[in-house]
Amino acid sequence: MGSTSPTGQNVDLARLDAVFDKYKDMAKGSLIPVLQAAQDTYGYLPIKALDAIAKQLAIPISQIYGVVTFYAQFRLSPRGKHIIRSCQGTACHVRNSARILESLKTALGIAPGGTTEDLQFTLETVACIGCCSLAPVMMIDTDAHGRLRPDRVPKILDSYSN
Amino acid sequence: MSKNVTVTIDSQKVTVPAGVTVWGAARKLGINIPTLCHHFDVKPYSGCRVCLVEVKGGRALAAACSFPVSDGLEIYTNTPKVREARRLVVELLLANHPHDCLTCDRNQNCELQRLALDLGVKEIRFEKSKPTWEIDRTSPSLVRDPNKCVLCGRCVRFCSDKQTCAVYTFANRGFSSIVTPAFGKGLGEVACTLCGQCSTICPVGAITVKDDTEAVLKAIDDPEKIVIVQTAPSVRVALGELFGQAPGSIVTGKMVAGLKRVGFDRVLDTNFTADVTIMEEATEFLHRLGSPDKGKMPMITSCSPGWINFMEMFYPDLVEHHSTCKSPQQIFGALVKTFYAEREKIDPARIVSVSIMPCTAKKFECTRPEMNASGYQDVDYVLTTRELGKLFKSCGVSFDDIKPEAYDPVMGIGTGAGTIFGNTGGVMEAALRTAYEVVTKKTLPALELTAVRGMAGLREAEIDLDGTKIKVAIAHGLGNARKVMEAIKAGNPNNWHFIEVMACPGGCISGGGQPIAHDINYRAKRTAGLYEDDRQLQFRKSHENPEVKALYAEYLKEPGGHMSHKLLHTTFHNAHMDLFTVLES
């Protein structure tokens, strides 16, 4: 049932004031822009921020949860500093992208969709990146890493850790 | 006045007011357009696409439940294209619906089952493509099985539009779509009042009532236990529907006989304690009216446990407006293990107290820790009307044939005032019948207080108590209750003195545990049944109930006295649900 974010972390709700101020005349119709702005603020949508938005716009929290889970653009859990997209398209598949993904999972200790505890990396899978000649391939942020071998994965990840 | 329009449906002309839907216009011609997501209690949603019809000149098939008629429209409800489309829609729904009908709570009372049969769906060519969800058993009253959900959104609409609680939402998209409380939480983990209306409006078995019949049978089978049952007012005009009778049929005697056949040791009447409630509540009201330091005004009734939950969750600062009187169910529970046990020389430890209720929130009310005035849990089990129907069937009670019997004596006599507790306006009328005579020492000129009757969501009336004008208000459905609370917050501009609130629209007659209704007029019919019951009863005012008089003479001494406060009154809580206490627990 939808991903539930950890609720314990500190969320500075004062940061929403500017968002509410900007949309104060739009009331209920402003839910989506407000959610987008809140996500820009926090990097994701913390439950505490959603609760504050519900109260501000007088929209039930359940309905906001419905909107947040409907649109792929909204995230309920924090994402890492770096986004890894491991390609599982046809070309990568026949070049054993499954082993690349395994290697990523082992190195990061997370499953696809997950984020490392230090918030450095988020691991995602994609169906094709559009550079099949480099298969198997992955993107880290805007960098493409092609002709991968499982044993090279940790070293590539190291180059992003700082 | 809206203007009339004439449309042609299946070559028949019909004239209806503009704005009526194709579905409504077809009904007028005796044409039944099948529906699933549509329900007379909520606004059209046109999500299920079962009610598709052909509109001449239209590009695609239209959803009859929401398509408004306009002059000259030509509609076809029974063409090969329409039949094929409807069948396909249902076939697709069935592909993702569990095929465990034989063991489903809604077997033979399921709208999806009915549709499949009516539309002649013979095979399912598609495979299940939805994820499998966990069954939600966190609620004390309801069980939610998202695997059976057809995403019709009736519960979503009822809960948000009528009850203003918005517990449910649609979440996710595509095959992962689900109806769920926020953040995928269980019903027992969010601000749900347990009114149970979602379980009566659900077309399938996705939201059902927590079944306590086995626990009750186990108590009946235990020779050490004396199992005493009470029956709420509104059950007697609805139970018959589970056995083919019309809504509003009064089946008190058959119900009592059935309960005896099932094996209950004593069959008593909640109407009796409804009368006791009136004695206490009318006294409390007159106290508060006379001296404002005796309690907050306006005073609000407190017999609807869904309403209590609502008040505690959403208006915790205003709980002092509630009458401190317990509900008739809980007054019964407190008395049966004290007064009744002493009188009948039964060890209260041996008593298992069961109540038959129209209500799902009652299952929670009886487990409140403060509800043990007798030194035991005052009410041990609550069965809803629907569960009672199942119990009768499983125990071989032939409802058609069984001869009516009378309640057992002592706590078995209820008045007409007690019986109308079951419909909106009834508690107010019952209280006024007694308050008037206590204050004025005169007999009521007109016993039936039509001023407080009716089905409008929020009603007001003024009653003259020998020169003192009392302003009363009656609200039913939590959306109307919210209006009342907002008015009190705003300083009670209408100067209400006494307010009756019922969580369910119509009151207990359409409680969350009542039979699933298919008749658009079922509320009015069940209400008419209770008013008829009132007319037929020997006593019609709570203070004239001979057993109530005896109870006060022998045991409680006086309404609002020391014993009453010990047994029959309670306090309310601040149960404001902070999202984070919920999510972090």
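Among contacts in chain A between residues at least 6 apart in sequence, what percentage join residues at least 24 apart? In this predicted model, the share is 63%.

**Chain A: layout**

Chain A carries seven helices together with four strands. Their order along the sequence is α-α-α-α-β-α-α-β-β-β-α. The domain assignment splits the chain into domain 1, covering 13–70, and domain 2, covering 82–158. Taken over C-alpha atoms, the centres of domain 1 of chain A and domain 2 of chain A are 33 Å apart. Along the principal axes, a box of roughly 55 × 30 × 30 Å holds the C-alpha atoms of chain A. Of the 162 residues in chain A, 27% are buried.

**A helix pair in chain A**

Two packed helices are described by the angle between their axes and the distance between the axes. For helix 2 (residues 31–42) and helix 3 (residues 47–57) of chain A, the axes come within 11 Å and cross at roughly 150°. Angles over 145 degrees count as roughly antiparallel, so helix 2 of chain A is roughly antiparallel to helix 3 of chain A. The crossing of helix 2 of chain A with helix 3 of chain A is right-handed. On the helix 2 side, the residues that meet helix 3 of chain A are A:Leu31, A:Val34, A:Leu35, A:Ala38 and A:Tyr42. Their partners in helix 3 of chain A are A:Ala49, A:Ile53 and A:Leu57.

**Nonpolar cores**

In soluble globular proteins, nonpolar side chains tend to be buried together. Here the largest nonpolar core has 176 residues. The residues with the most contacts inside this core include A:Leu50 from chain A, and B:Val22, B:Ala64, B:Cys155, B:Cys159, B:Val229 and B:Ala431 from chain B. Helix 8 (residues 270–290) of chain B gives the most to this core, contributing nine residues. A second core, separate from the largest, has 14 residues, among them A:Leu104, A:Leu108, A:Leu123 and A:Val137.

The surroundings of B:Cys159 can be given in detail. Apart from neighbours within four places in sequence, B:Cys159 is in contact with B:Cys165, B:Ala166, B:Val167, B:Tyr168 and B:Cys198.

**Backbone exceptions**

Most residues other than glycine have a negative phi, and most peptide bonds are trans. The table lists exceptions of both kinds.

| Site | Feature | Value |
|---|---|---|
| A:Ala135 and A:Pro136 | cis peptide bond | omega about -10° |
| B:Met297 and B:Pro298 | cis peptide bond | omega about -5° |
| A:Asp141 | positive phi, not glycine | phi near 55° |
| B:Lys345 | positive phi, not glycine | phi about 55° |

In chain A, A:Pro136 lies in the loop between strand 2 (121–126) and strand 3 (138–140). The loop that follows, between strand 3 and strand 4 (143–145) of chain A, holds A:Asp141. A residue counts as exposed with 12 or fewer other C-beta atoms within 10 Å; A:Asp141 has 10 and is therefore exposed.

In chain B, B:Pro298 is in the loop between helix 8 and strand 12 (299–300). B:Lys345 is placed in the loop between helix 10 (328–344) and strand 13 (351–357) of chain B. B:Lys345 is exposed too, because 6 other C-beta atoms lie within 10 Å.

How values were computed:
Residues numbered from 1 in each chain as written. Chains lettered and ligands numbered in written order. Predicted model: local features only at pLDDT ≥ 70, side-chain atom pairs only at ≥ 80, totals over all residues. Domains from an automatic or database assignment. Helix = DSSP H or I, 4+ residues; strand = E, 2+ residues; numbered from the N terminus. Buried ≥ 20, exposed ≤ 12 C-beta atoms within 10 Å, placed from the backbone. Contact = placed C-beta atoms within 7 Å. Core = buried A, V, L, I, M, F, W, Y, C linked by C-beta atoms within 7 Å. Axes fitted to C-alpha atoms, helices over the stretch in contact; angles between N-to-C directions. Parallel < 35°, antiparallel > 145°, perpendicular 65-115°, else oblique. Left-handed = near helix turned anticlockwise from the far one by under 90°.
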